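Let's take a walk through this structure together, one piece at a time. Keep the picture open while you read.

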Amino acid sequence: MGDAPLLEIKGLGKRFPGRLGREPSPWVIQDLSFSVRAGEFLTIIGPSGAGKSTLLNMIAQIDTVSAGEIVFNGETVKSHDARTLRPGFDRRIGYVTQDDNLLPWRTTVENVLFPIEVQGRLNDATRAHADTLIRAVGLAGFERYYPHELSGGMRKRAALIRTLAYDPPVILMDEPFAAVDAQTRTQLQADLLKLWDIGRKTIIFVTHDIAEAIALGDRALVLSRQPTRIAAEHAIPIPRPRNVQDMLAVDGFAVIYQRIRAAIQ
Amino acid sequence: MNRWRTFFDRLIVLIVILAAWQVGSFLVGAYFFPSPGAVALRFVAQVWNGELIRHGGYTIEEALIGTLVGGVPAVLLPFLLRRQPLLVAILDPFMVGGYGAPKLAFAPLFILWFGIGIESKIALVASVVFFIVYFNTLSGVRALDPKLVQMAQLAGAGERHVARHIVLPAAVPHILAGFRIAVPYAIGGAIIAELISSNRGLGYLVQTGAMNFDTTSVFAAILMATLIVLAANWLLNTAERMLLHWRPPADAMLDPGN
């Protein structure tokens, strides 16, 4: 693997095209650069409305960039024109969105297997892998339940392992745990760290919760308000495996928290 | 318990309707407005001698073929046009016009064009069913959550996968609703076409009954048509339960269990 970045964001900018007879919007994101190493867990903290989702949408190639470029594994992505966008970059970039987007007509296991099914990779090994993930996040026994029969936390877990199950090298996460209660969130964070320890994927995790960013990440980027730029960068030298429940008691947590808090002001 | 309660309440409503019918028949005169008992007897007799079965079957055949001829393209078209919003917009006023035009008024034309056989009835039924199912399917395709499509594309789904696994299942409730609305119109359309010119079908029975001042036979044929619509509705309900078992339990208002 080495230290060569897997994903490089260079001078990225975004403004939305103007409607008939109007100027394009002001820059939402401007001159934003960072890179991610393979196997790194990067967290990005930003206030609401800081263009966090827009940033991830551009990396996932479901939205165009207005300036700058995205380089994936040495390959420059053609992302200035909507017609050349390749959502998910040929299954190399997974995306866990804020909404779970489970298909209501599919059961839990059918939802988890959906990407594998459309990729034509459904076999005993992939089924067994999905089964392992279902058990790892405590959804065993709910395989044949429909989304409307699951709790919010269970739906989040199903959406999370749906992306993990097809094993994309990079996974983007857009505040995936924002809509659940604090207790469930801690459990989901613990589940995520456990799964990440098994697979060591490259993860870009966006959140507005400083504690969450520290608990999960190897490194945290802090975004400024619009136009969004990188305001600060913090390494998080807390050893792994980490216990999410006891994060507050960990040496150095308070110091990092204070520094990030100050950077956001 | 509640299920039985609903059943008995419905029975009471039925008895009230029959009683009102009986009173009406008494006041107007059984010659013009036969009593429910007389209609029931005639109905049983005509079922027994096969007359209502034969003519009812003929009407069902027309309605069924017409529903397929009109309904299948009406379901396919919105899927084919899903990625062509401009074409949908161009077609829209013509579709609305076709939906709004009184198709029953076309019945004499269809008979001129297609003859007095089954073809003219199929044409009328198909023209009625097509627009109803088209607009329902279109609304289903349009009501699709674009985030689900995006999720599928991110996961590597191509156009065909999206159509098969996302758009179709999301549209099925709307398609079924379209057919549910269309069924009474299909039976009604077939009967109207038979009334105008035919030698078979329930419409023919109504026509000959009326010509012979045999109002009891007219009512018996109408009763048969009503029962056919109810049976078709029951079939659609069963299909819906089987196809849409993934949905959260339906509206409490429609659920007699509540």
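## A covered strand in chain A

Start with strand β9 of chain A, residues 219–223: four of its five residues are buried. Buried here means that 20 or more other C-beta atoms lie within 10 Å of a residue's own; 12 or fewer makes it exposed, anything in between partly exposed, and the C-beta atoms are placed from the backbone. Strands (E, at least two residues) and helices (H or I, at least four) are DSSP runs, numbered from the N terminus.

Before we go on, a word on the source: this is a predicted model, in which local features need pLDDT of at least 70 and side-chain atom pairs count only at pLDDT 80 or more, while totals for chains, interfaces and linings use all residues. Residues are numbered from 1 along each chain as its sequence is written, and chains are lettered from A and ligands numbered from 1 in the order in which they are written.

## Who pairs with β9(A)?

Two strands pair if DSSP finds at least two bridges between them. Strand β3 (residues 41–45) of chain A runs parallel to β9(A), and four bridges join them. One of the matches is A:Thr43 with A:Ala220.

β10 (residues 230–235) of chain A is another partner of β9(A), this time antiparallel, with five bridges. There, A:Leu221 stands opposite A:Glu233. To get from β9(A) to β10(A), the chain makes a hairpin through six residues.

## The four-stranded sheet

Chain A also has an open antiparallel sheet of four strands, in the order β2-β1-β4-β5. Why do β2 (29–37) and β5 (75–76) of chain A each have one side without a neighbour in the sheet? They stand at the edges with a single partner strand each, so nothing in the sheet sits on their other side.

Now zoom in on the pairs. β1(A) and β4(A) are antiparallel and share five bridges, with A:Leu7 opposite A:Phe72 of β4(A). A:Phe72 also has a bridge partner in β5(A), namely A:Glu75. Strand β4(A), residues 67–72, pairs with β5(A) over two bridges, and A:Val71 is matched with A:Thr76. The hairpin of these two strands has two residues between them, and A:Asn73 takes a positive phi near 55°.

A helix joins the picture too: α1 (residues 52–59) of chain A lies across β1 (5–14), β2 and β4 of chain A, at about 125° to β1(A). For that angle, axes are lines fitted to C-alpha atoms, for helices over the stretch in contact, and angles run from 0 to 180 degrees between N-to-C directions.

## Over to chain B

Chain B has 10 helices and zero strands. Its C-alpha trace spans about 70 × 55 × 30 Å along the principal axes. Of its 258 residues, 35% count as buried.

An automatic or database domain assignment gives the bounds: chain B is divided into domain 1 (1–33) and domain 2 (35–254). Their C-alpha centres lie 29 Å apart. Seven residues of domain 1 of chain B are in contact with four residues of domain 2 of chain B, where contact means C-beta atoms, placed from the backbone, within 7 Å.

## Where the chains meet

How many residues of chain B are in contact with chain A? There are 15, and they touch 18 residues of chain A. α7 (146–154) and α8 (159–196) of chain B each supply at least two residues of this side, and the largest share, seven residues, comes from α7(B).

The buried residues of α7(B) include B:Leu148, B:Met151 and B:Leu154. Among the elements covering them are β6 (93–96) and α2 (108–118) of chain A, together with α8 of chain B. After α7(B) comes B:Gly156, with a positive phi near 100°.

## The nonpolar core

A nonpolar core is a set of buried Ala, Val, Leu, Ile, Met, Phe, Trp, Tyr and Cys residues joined through C-beta atoms within 7 Å. The largest one has 122 residues, and those with the most contacts inside it include A:Ile161, A:Leu172 and B:Val129. α8(B) gives the most to this core, with 15 residues.

Take a look at B:Val129. Leaving aside neighbours within four places in sequence, B:Val129 is in contact with residues including B:Gly66, B:Ala74, B:Tyr185 and B:Ala186.

Technical notes:
Contact = placed C-beta atoms within 7 Å.
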